[in-house]
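Please open the model in your viewer and keep the sequence panel beside it, since the tour moves from one selection to the next.

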Amino acid sequence: MTDTPETVNWLGLSGRVCVVTGAGGGIGGAIAATFAAAGAAVALLDKNEAACRAAADALAARGTRAVAVACDTADPASVDAACARVTAALGPCDVLANNAGFLSPGALASLPLEAWNANIAVNLTGYFICAQVFGRAMLERKRGALVHVASIAATNPQPWSGAYSVTKAGVAMLSRQLAAEWGASGVRSNAVSPGLIRTPMSEAFYQHEDTARRRAELVPTGRVGTPQDIADAVVWLASDRAAYISGEEVIVDGGVTQTLMGMIPRPGFTQASTR
Ligand SMILES: NC(=O)c1ccc[n+]([C@@H]2O[C@H](COP(=O)([O-])OP(=O)(O)OC[C@H]3O[C@@H](n4cnc5c(N)ncnc54)[C@H](O)[C@@H]3O)[C@@H](O)[C@H]2O)c1
């Protein structure tokens, strides 16, 4: 097929200013690179300045207008300052990918209040702060898109993970409420919920070959997901190709959340007995 101006900018993201939080990490890095591949200008925010700077430098070397900004998404002053820097460097924000988050172990029976609050501050309140601050330019200009990286843990409780599932459930509702409140102003809001994705956050789960294999076997598509699997869904939802989609949650998990009924023993209802 020959490229035409329409196919080259099929996603409609060329020249748009896309802000990615947690861009120094696995999924955020892939989202930033995929926006760049679509011709967008990209702001890479992370509290780990070295990580987002390395990712931004790699994109800039390939010709992308990219800026790295050290930012703690849980701190309103830090997000305000980041927004000012992004606007000065690239222009007003068109797209926000809310993605910065962390996971730590903890049993609800004994979880210290500080640990509960710390996870909510980043994984949920941080998403709200970034939406409010970067959404301002979108509301003023009556166009924009928000995509929030939630998790399959938003609808499936993930035990022994402290507040993590609760924060992700909150993100799913935050996204829907933003869609309802901002839709009339031309701003869409959607969520992407990853399943088992191999990134620095989950790397410890893949250190033992046997555990890695058993995790892959749980997934109907037969493999663990990659950051690119998530980035493709995020960039599509942010693009003009999803112009009539708002308030949705797209689950990107290779089908792993569809396996519950198959785990229940039901003699006569196995693959072998129904042949
Ligand atoms: N990896 C998975 O299997 C998986 C599954 C479901 C959902 N998710 C979600 O995807 C998102 C990205 O996770 P990942 O797997 O790429 O993890 P990651 O650890 O590779 O990346 C997370 C990034 O967020 C940054 N960050 C953390 N707190 C921050 C803060 N307060 N301010 C700014 N930056 C901060 C970290 O420095 C890191 O670079 C998270 O929201 C996570 O909950 C991941």
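Helices here are DSSP runs of H or I of at least four residues, numbered from the N terminus. With that in mind, note that the model is a predicted one, and begin at the end of a helix, where Gly 63, just after α3, takes a positive phi of about 100°.

**Helix α3**

Next, select residues 49–61, which make up α3, a helix of 13 residues that reaches 18 Å from its first C-alpha to its last, close to the 18 Å expected at 1.5 Å a residue. At the start of α3, show the side chain of Asn 48, from which an oxygen reaches to within 3.3 Å of the backbone nitrogen of Ala 50.

Which residues of α3 are buried? Colour Cys 52, Ala 56 and Leu 59, for these are the buried residues of the helix. Turn the view until you look down the axis of α3: its buried residues fall within an arc of 60°, so they line one face of the helix. On the face turned away from that buried side you will find the exposed residues Ala 50 and Ala 61. Adding α2 (26–37), β2 (41–46) and β3 (66–70) to the display brings in the elements against which the buried residues of α3 pack.

**The largest pocket**

Now turn to the largest pocket, which has a volume of about 1500 Å³. Its lining is made up of 49 residues, and to find the centre you can select Leu 103, Gln 158, Tyr 164, Gly 195 and Met 201, which lie nearest to it. Keep α2 on display and add α6 (164–182) and α7, as each of these helices supplies at least two residues of the lining of this pocket.

**From α7 to α8**

Follow the chain out of α7 (209–217) into the loop that leads to α8 (227–238), and stop at Thr 221, which is found in that loop. Is Thr 221 buried or exposed? At 55% relative accessibility, Thr 221 counts as exposed. A distance drawn from the C-alpha atom of Thr 221 to that of Asp 253, 32 residues apart along the chain, should read 8.9 Å.

Finally, select α8, whose 12 residues should span 16 Å at 1.5 Å a residue, which agrees with the 16 Å between its end C-alpha atoms. The buried residues of α8 include Pro 227, Ile 230, Val 234 and Leu 237. To see what surrounds them, display α2 once more together with β4 (95–98), β5 (144–149), β6 (187–194) and β7 (249–252), since the buried residues of α8 pack against these elements.

Notes: Residues numbered from 1 in each chain as written. Predicted model: local features only at pLDDT ≥ 70, side-chain atom pairs only at ≥ 80, totals over all residues. Heavy atoms only, no water. Buried < 20%, exposed > 50% of the residue type's maximum accessible area, 1.4 Å probe, protein only. Expected span 1.5 Å × (residues − 1). Arc of directions from axis to C-beta. Contact = heavy atoms within 4.5 Å. Polar contact = N/O pair within 3.5 Å; in protein donor to acceptor, adjacent residues only side chain to side chain. 1 Å grid on protein atoms, 1.4 Å probe; cavity = no way out; pocket = protein on both sides within 12 Å on 5 of 7 lines; lining within 4 Å. Points joined across faces, edges and corners; volume = space filled by probe spheres on them.
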